[in-house]
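User: I am new to this structure and would like the terms explained as we go. Please show it to me before we begin.

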Amino acid sequence: MKLVIVKNKEEGGKLAFSLLKEKLDAGAKTLGLATGSTPLSFYKAITSSDIDFSKITSLNLDEYVGLSADNPQSYAHFMQEHLFAIKPFKESFLPNGLAIDLQAETQRYEELIAMHPIDFQILGIGRNGHIGFNEPGTLFNSLTHVVDLADNTIQANSRFFEKLEDVPKQAISMGIASIMKSKTIVLMAYGAEKAEAVNQMLHGPITEDLPASILQTHPDVIVIVDKAAAGQE
Ligand code: GLP
């Protein structure tokens, strides 16, 4: 894994964007995208650019179960607001959190990933080391699946909801093996609350107790952090 320490998230977003541009120039066609506050500066860099994304396909990591795409808390809505409405893509996929048959939906999504292999995957990291919504204990060989969210993830994500009870208890997430198929992975992390997870991901044992630690075995991962997330302040 390559580690780059940047001044702040703006610089981090711009760096991730410049890495993306290199890959687009080299023929990348499919992006894996993430939600949360971490990738926002990256999306800002994309929407501020004049680069054409109309031939690019995207697949998002995850979606809450039970929220429709027009629910402001859904990840579909988040992506629309911060990226797709401003920068049109060829096509963009997210798991359907309203699917009646959730198992069938996870299979459909995994087939989509197989049809559109991800060239460049953006990741954030949860305070407990989760990637996507793959909580500690998720099998490294997992494909897209339905997840019961960990209490501390529900707690952390409740800041986007009116009340804690409004946070969905389940999500559909790409699995760890689905994420690991991506050719290049760029993981960003900002703020001191991520420092422990980042340290364990980079230097700790490779263990399902810290899902992001599997990235140590991936051939092309760039980790972009600010000083706080690097444990330097
Ligand atoms: C959520 C998302 C993850 C994200 C994490 C961190 O649980 N499913 O993809 O990386 O939160 O979020 P934030 O970037 O807001 O700290």
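**The ligand and its surroundings**

Analyst: This is a predicted model. The shell around the ligand divides into three nonpolar, seven polar and three charged residues.

User: Which residues around the ligand come nearest?

Analyst: Of the 13 residues around the ligand, the nearest are Ser37, Thr38, Asp62, Arg159 and Lys194.

User: What makes the pair between Thr38 and the ligand a polar contact?

Analyst: A polar contact is a pair of N or O atoms within 3.5 Å. An N or O atom in the side chain of Thr38 is 2.5 Å from an oxygen atom of the ligand, so the pair counts as a polar contact.

User: What distances are found at His130 and Gly132?

Analyst: From a polar side-chain atom of His130 to an oxygen atom of the ligand it is 2.9 Å. At Gly132 a polar backbone atom lies 3.1 Å from a nitrogen atom of the ligand. Taken alone the ligand exposes 390 Å², and the protein buries 95% of that.

User: Where does the ligand sit?

Analyst: The ligand sits in the largest pocket.

User: What secondary structure does the chain have, and why is the chain called as compact as a globular protein of that length?

Analyst: The chain has seven helices and 10 strands. Its radius of gyration is 16 Å, close to the 17 Å that the globule rule gives for 233 residues, so the chain is as compact as a globular protein of that length.

Notes: Residues numbered from 1 in each chain as written. Predicted model: local features only at pLDDT ≥ 70, side-chain atom pairs only at ≥ 80, totals over all residues. Heavy atoms only, no water. Near = heavy atom within 4 Å. Polar contact = N/O pair within 3.5 Å; in protein donor to acceptor, adjacent residues only side chain to side chain. Areas by Shrake-Rupley, 256 points an atom, 1.4 Å probe, with all protein chains shown as cover. 1 Å grid on protein atoms, 1.4 Å probe; cavity = no way out; pocket = protein on both sides within 12 Å on 5 of 7 lines; lining within 4 Å. Sits in = over half its atoms within 2 Å of the grid points. Nonpolar A, V, L, I, M, F, W, Y, C, P; charged D, E, K, R; others polar. Helix = DSSP H or I, 4+ residues; strand = E, 2+ residues; numbered from the N terminus. Rg over C-alpha atoms; globule rule 2.2 N^0.38 Å.
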